[in-house]
Amino acid sequence: MARIFITGSTDGLGLANARTLMDAGHEVLLHARTSERATALNGLAPQAAGIVIGDLASAVETRDLAGQVNKHGRMDAIIHNAGVYLSPQRIATPEGHSRTLAVNVLAPYILTALIERPERLIYVSSGMHLGATGDLQDIDWTQRRWEAGAAYSESKLHVSALSAVVARRWPTVLSNSVDPGWVPTKMGGPGAPDDLAMGHETQSWLAVSNDPAALVSGKYWHHRRQRTPAPEVTDPGLQDRLIDKLAGLTGITLF
């Protein structure tokens, strides 16, 4: 039995992962953005290791969330599933960051730095990262005119690079990123063409499987197959510059 923490587990892929892992006998710590959102987990709560609460758009709440997780003891795996999609405008967080950057990149970075180190880390990315630029000059969109698709794509390139640099700098941790595909969740919409089961299966498999194929690190996955990410993702120079940038934005040092 493994102990797994899943961010954004009140619906969509996070909820699907929670159900799959609990049905297989694993101990899952659930996450909701607010206490009100946590009511969606009432049916799963009796089976779960617990529910932690925190809005990942807030750095203060994200730091507190890390503390809540640590109080539950060390996790074997963490699935960084929570994310926001296409925001019609730049929505500022309490700290003044773009909400897209805060939830999709800064929160996984903060949680990676502050939660006791697990054996496995899984970061949910997107195939849209392949269309992003690796320019780190304005990742918070304070200078450019807002473009929702570009902001989202960049955030997923950055979280994929975060996964890759963690794999490089923490060789004892299995760190991977996953493209779940375009699946019919609340985020993806009812017309999304991909299979929902395939969209979450890879994350659960990487979190707990002892299949030799799953015991790898620094890879980018889609439907349990390794894929080639954008070249920036595996560029050590860009990885290190990104980590420096995220440290400056959060005030937290990861390495």
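**Thr 10 lies in the loop between β1 (3-6) and α1 (12-23).** Helices (H or I, at least four residues) and strands (E, at least two) are DSSP runs, numbered from the N terminus. The structure is a predicted model, in which local features need pLDDT of at least 70 and side-chain atom pairs count only at pLDDT 80 or more, whereas totals for chains, interfaces and linings use all residues. Residues are numbered from 1 along each chain as its sequence is written, and side-chain values use heavy atoms, with hydrogens and water left out. Thr 10 has a relative accessible area of 10% and is therefore buried (under 20% relative accessible area; exposed is over 50% and partly exposed in between, with a 1.4 Å probe and protein chains only). Its side chain makes a polar contact with the side chain of Arg 37, at 2.8 Å. Such a contact is a pair of N or O atoms within 3.5 Å; within protein, one must be able to donate a hydrogen and the other to accept it, and residues adjacent in sequence count only if both atoms are side-chain atoms. Apart from neighbours within four places in sequence, the residues in contact with Thr 10 (heavy atoms within 4.5 Å) are Leu 15, His 31, Ala 32, Arg 37, Ala 40 and Leu 41.

**An open sheet is formed by 8 strands.** The strand order is β3-β2-β1-β4-β5-β6-β7-β8, and the pairing is mixed; two strands pair if DSSP finds at least two bridges between them. β3 (50-53) and β8 (225-227) are the edge strands; each has a single partner strand, so one side of each has no neighbour in the sheet. On average, neighbouring strands of this sheet are turned by 25° against each other, direction ignored. For the angles quoted in these legends, axes are lines fitted to C-alpha atoms, for helices over the stretch in contact, and angles run from 0 to 180 degrees between N-to-C directions.

**The edge strand β3 has a covered face and an uncovered face.** Gly 50 and Val 52 make up the covered face of β3, while Ile 51 and Ile 53 make up the uncovered one. β3 pairs with β2 in the parallel sense over 4 bridges, and Val 52 in β3 stands opposite His 31. His 31 is also one of the residues in contact with Thr 10. Helix α3 (residues 59-71) lies across β1, β2 (27-32) and β3, and runs at about 160° to β3.

**His 72 occupies the loop between α3 and β4 (77-80).** With a relative accessible area of 29%, His 72 is partly exposed. Leaving aside neighbours within four places in sequence, His 72 is in contact with Arg 3, Leu 29, Ala 49, Gly 50 and Val 52. Between His 72 and Gly 50, the C-alpha to C-alpha separation is 8.2 Å, and the two residues are 22 apart in sequence. Gly 50 and Val 52 also form the covered face of β3.

**Strand β4 is covered on both faces.** Ala 77 and Ile 79 on one side, and Ile 78 and His 80 on the other, are all buried. β4 pairs in the parallel sense with β1 over 3 bridges, and with strand β5 (residues 120-124) in the parallel sense over 4 bridges. Ile 79 in β4 stands opposite Ile 6, and His 80 stands opposite Tyr 123 in β5.

**Strand β7 (residues 220-222) pairs with β8 in the antiparallel sense over 3 bridges.** The bridge partner of Tyr 220 is Arg 227 in β8. His 223 is found in the loop between β7 and β8, as is Arg 224. Most residues other than glycine have a negative phi. Neither of these loop residues is a glycine, yet His 223 has a positive phi of about 50° and Arg 224 has a positive phi of about 60°. Arg 224 has a relative accessibility of 35% and so counts as partly exposed.

**The whole protein comprises 7 helices and 8 strands.** Its C-alpha trace spans about 45 × 40 × 40 Å along the principal axes. Of its 255 residues, 53% count as buried. Among contacts with a separation of 6 or more, residues 24 or more positions apart account for 69%.
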